[in-house]
Amino acid sequence: MAYQCIVGVGGVIIASLLGFVFMYFNSSVRGLKKTRTTENCVKKTGEGDVAGATDIIIVGAGVAGAALAYSLGKDGRRVRVIERDLNEIDRIAGEGILPGGYLKLIELGLEDCVDEIDAQQLLGYVLYKDGKDAKICFPVEKFDLDVAGRSFHNGRFVQRLREKAASLHNVTLEQGTVTSLLEENGTVKGVHYKNKGGQELTAYAPLTIVCDGGFSNLRRSLCYSKVDIPSYFVGFILKNRRPPLANFAAFILADPSPILFYAISSTELRCLVDVPSQNVPSVSADDMAHYLKTQVAPKVPHKLYTDFVSAIAKKNNIRIMQNRTMAAAPHPTPGAFLIGDAFNMRHPITGGGMTVALSDVVVLRDLLRPLHNLHDAFAVCKHLESFYTLRMPMASTVNILANTLYKVLSAPSDPTMEEMQQACFCYLRLGGIFSNGLSALISGLYPRPLSLAFHFIAMAIYGVLRLLLPFPSPKRMWNGAKLIWVASAIIFPLIKSEGVRQTFFPLTMPAYYRSSFSSE
């Protein structure tokens with residue numbers, strides 16, 4: 001009996017020792033595997049960068065890039081932003097945000113970025129033609145008192161966005177020029193770039209988002225880019241002047257060049273003159289100053305004429321920029337994504353570019369939120385395809401409206417276009433549902449493509465009725481038919497470029513449902 005007890009106790013002790021040895025060995029092996037796995041995920045490169053230390057690389061810290069960096073950083077992502085120049089920029093475009101864009105700023109938590117930069121409230125537009133005017137008021141009555149458009153110095157606003165992004169501990173802003181995407185077997189793994197000192201480096205991340213502006217040198221492999229330049233903006237500043245109607249931008253429908261005035265600070269009035277691409281005078285040879293003084297100045301409102309001529313005469317005050325348009329035609333690439341003006345541009349005549357960019361940032365942020373692992377590049381790429389449909393209400397409405405209004409409101413090339421412009425101007429002067437409906441679309445507060453189609457058709461019918469009344473003679477009927485033809489030639493190619501199914505029938509797009517499946 002004593003022998004059996006000794007054997008039993010000895011067996012227990014031996015079993016315990018064997019179990020302890022097994023557990024120790026097993027934990028050691030798991031620790032070794034974990035160490036090896038970590039070494040595989042976080043490895044130092046020859047250039048000193050650390051792969052795995054960054055979740056997302058953002059190329060460009062303009063409006064889209066800085067806003068996206070802040071929103072992703074707030075969601076806990078480790079974000080690295082590489083921007084060519086982190087100094088305050090001085091541009092003559094991107095100086096306004098519509099009320100719909102301001103709502104997106106609020107949604108992103110960035111509404112304070114328009115504070116302390118002397119931004120001016122923008123409540124609408126006033127169109128002037130042949131001594132008459134048509135007032136377009138943004139329908140902001142149902143929103144908080146602070147909801148309105150804003151106009152400002154572009155550089156000041158962008159710097160505020162960058163400061164907000166840099167305030168997050170998990171967001172890094174670095175000055176450098178990205179030269180190319182780092183691609184392996186069809187998947188983007190990061191970027192090659194030169195830092196401020198000119199040293200060539202490589203940065204790694206499972207997702208690279210390119211938003212380096214309208215002159216992007218990286219978009220060729222990420223989209224089918226076809227850039228058009230329909231016109232140029234000639235810009236200068238009138239000092240110590242206000243627009244004809246406070247808090248309203250003034251748009252003069254003049255031949256040969258439409259003119260736009262809006263306040264960018266409490267003491268500065270920006271003037272933009274739209275000049276068709278085919279006949280842009282030289283700035284350096286003073287041909288532009290002569291053109292503005294002789295051809296454009298006579299069309300300027302009397303109260304602004306003297307300041308307009310004085311501003312032209314100031315040395316180095318005149319600047320010029322291309323008005324570029326490019327339809328969104330993405331080429332989905334695993335590991336990379338394109339956004340902002342690098343991806344999609346419309347004519348800046350309505351000032352809607354910033355609103356579209358911020359709306360796109362909100363859509364992309366919401367799509368990325370349920371994705372906790374970005375390392376499966378093909379799965380992430382497939383998931384993000386729904387972005388191109390979800391962005392459509394805002395993007396297609398602003399894009400089509402901006403490009404359509406430019407064609408209609410620019411200097412008419414023939415009597416039919418002149419009649420189309422007159423019909424648009426008189427349609428806006430009708431007030432009520434007509435002007436309110438269009439202003440809701442222009443403001444970005446109610447982006448609905450079907451509503452846009454309705455108003456354009458109504459405008460064309462109104463133009464035909466103006467031609468037919470009081471008596472529909474054969475000549476008037478022919479002119480009405482030509483107006484319908486011209487209107488169709490304007491709107492249908494623009495709708496086609498945006499995508500008919502994505503714009504008007506998004507529920508028929510398979511990608512529309514992928515985001516909901518992925519988040520379940």
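**Close-up views of a predicted model**

**View A. Ile252 and Ile259 are bridge partners, with Ile259 sitting in β16.** Keep in mind that this is a predicted model. The two strands on show are β15, residues 248-252, and β16, residues 259-263, and they pair in the antiparallel sense over 3 bridges. Together β15 and β16 make a hairpin, with 6 residues between them. The loop between β15 and β16 is also where you'll find Pro256. The peptide bond joining Asp255 to Pro256 is cis, with omega at about 20 degrees.

**View B. Strand β15 is largely enclosed by the rest of the structure, because 5 of its 5 residues are buried.** Which way do the side chains of β15 point? Phe248, Ala250 and Ile252 go one way, Ala249 and Phe251 go the other way, and all are buried. On the β7 side, 5 bridges join β7 to β15, and these two strands run parallel. Look for Gly124, which stands opposite Phe248 of β15.

**View C. Here's the whole open sheet, built from 7 strands with mixed pairing.** Reading across, the order is β8-β7-β15-β16-β17-β14-β18. Which strands sit at the edges? They are β8 (132-137) and β18 (319-325), each of which pairs on one side only. Neighbouring strands in this sheet are turned by 25 degrees against each other on average, ignoring direction. Helix α11, residues 415-429, lies across β7 (124-129) and β8, and runs at about 60 degrees to β8.

**View D. Asp130 and Glu116 are two non-glycine residues with positive phi.** Asp130 lies in the loop between β7 and β8, and its phi is about 55 degrees. Is Asp130 buried or exposed? Its relative accessible area is 65%, so Asp130 counts as exposed. For Glu116, phi is near 60 degrees, and this residue is found in the loop between α3 (99-108) and β6 (120-122). Glu116 is exposed too, with a relative accessible area of 75%.

**View E. Ala67 is a buried residue of the model, at a relative accessible area of 0%.** Ala67 belongs to helix α2, which spans residues 63-74. What touches Ala67, once its neighbours within four places in sequence are left aside? Its contacts are Gly62, Leu108, Leu110, Leu358 and Val361. Leu161 is worth picking out as well: Ala67 and Leu161 are 94 residues apart in sequence, yet their C-alpha atoms are 6.3 Å apart in space.

**View F. The largest nonpolar core takes in 68 residues.** Zoom in on Ile58, Phe157, Val191, Ile209, Leu364, Leu368 and Phe387, since these have the most contacts inside the core. Helix α7, residues 353-368, gives the most to this core, contributing 9 residues. A second core, separate from this one, has 53 residues, among them Phe233, Leu272, Leu445 and Leu452.

**View G. Phe157 is shown here with the residues around it that are in contact with its atoms.** Setting aside neighbours within four places in sequence, the contacts of Phe157 are Val63, Leu105, Cys113, Val114, Ile117, Phe152 and Met354. Phe157 is also one of the residues with the most contacts inside the largest nonpolar core.

**View H. Cys137 and Cys381 are two cysteines in a structure that holds 0 disulfides.** How accessible is each of them? Cys137 is partly exposed, with a relative accessible area of 34%. Cys381 comes out at 15%, and because buried means under 20%, it counts as buried.

**View I. The peptide bond from Leu469 to Pro470 is cis.** Omega for this bond is near 5 degrees. Where does Pro470 sit? It is found in the loop between α13 (449-468) and α14 (474-498). For another cis bond, go back to View A and the one that joins Asp255 and Pro256.

Methods. Residues are numbered from 1 along each chain as its sequence is written. This is a predicted model: local features need pLDDT of at least 70, side-chain atom pairs count only at pLDDT 80 or more; totals for chains, interfaces and linings use all residues. Side-chain values use heavy atoms; hydrogens and water are left out. Two strands pair if DSSP finds at least two bridges between them. Helices (H or I, at least four residues) and strands (E, at least two) are DSSP runs, numbered from the N terminus. Axes are lines fitted to C-alpha atoms, for helices over the stretch in contact, and angles run from 0 to 180 degrees between N-to-C directions. Contact means heavy atoms within 4.5 Å. Buried means under 20% relative accessible area, exposed over 50%, partly exposed in between (1.4 Å probe, protein chains only). A disulfide is a pair of cysteine sulfur atoms within 2.5 Å. A nonpolar core is a set of buried Ala, Val, Leu, Ile, Met, Phe, Trp, Tyr and Cys residues joined through side-chain atoms within 4.5 Å.
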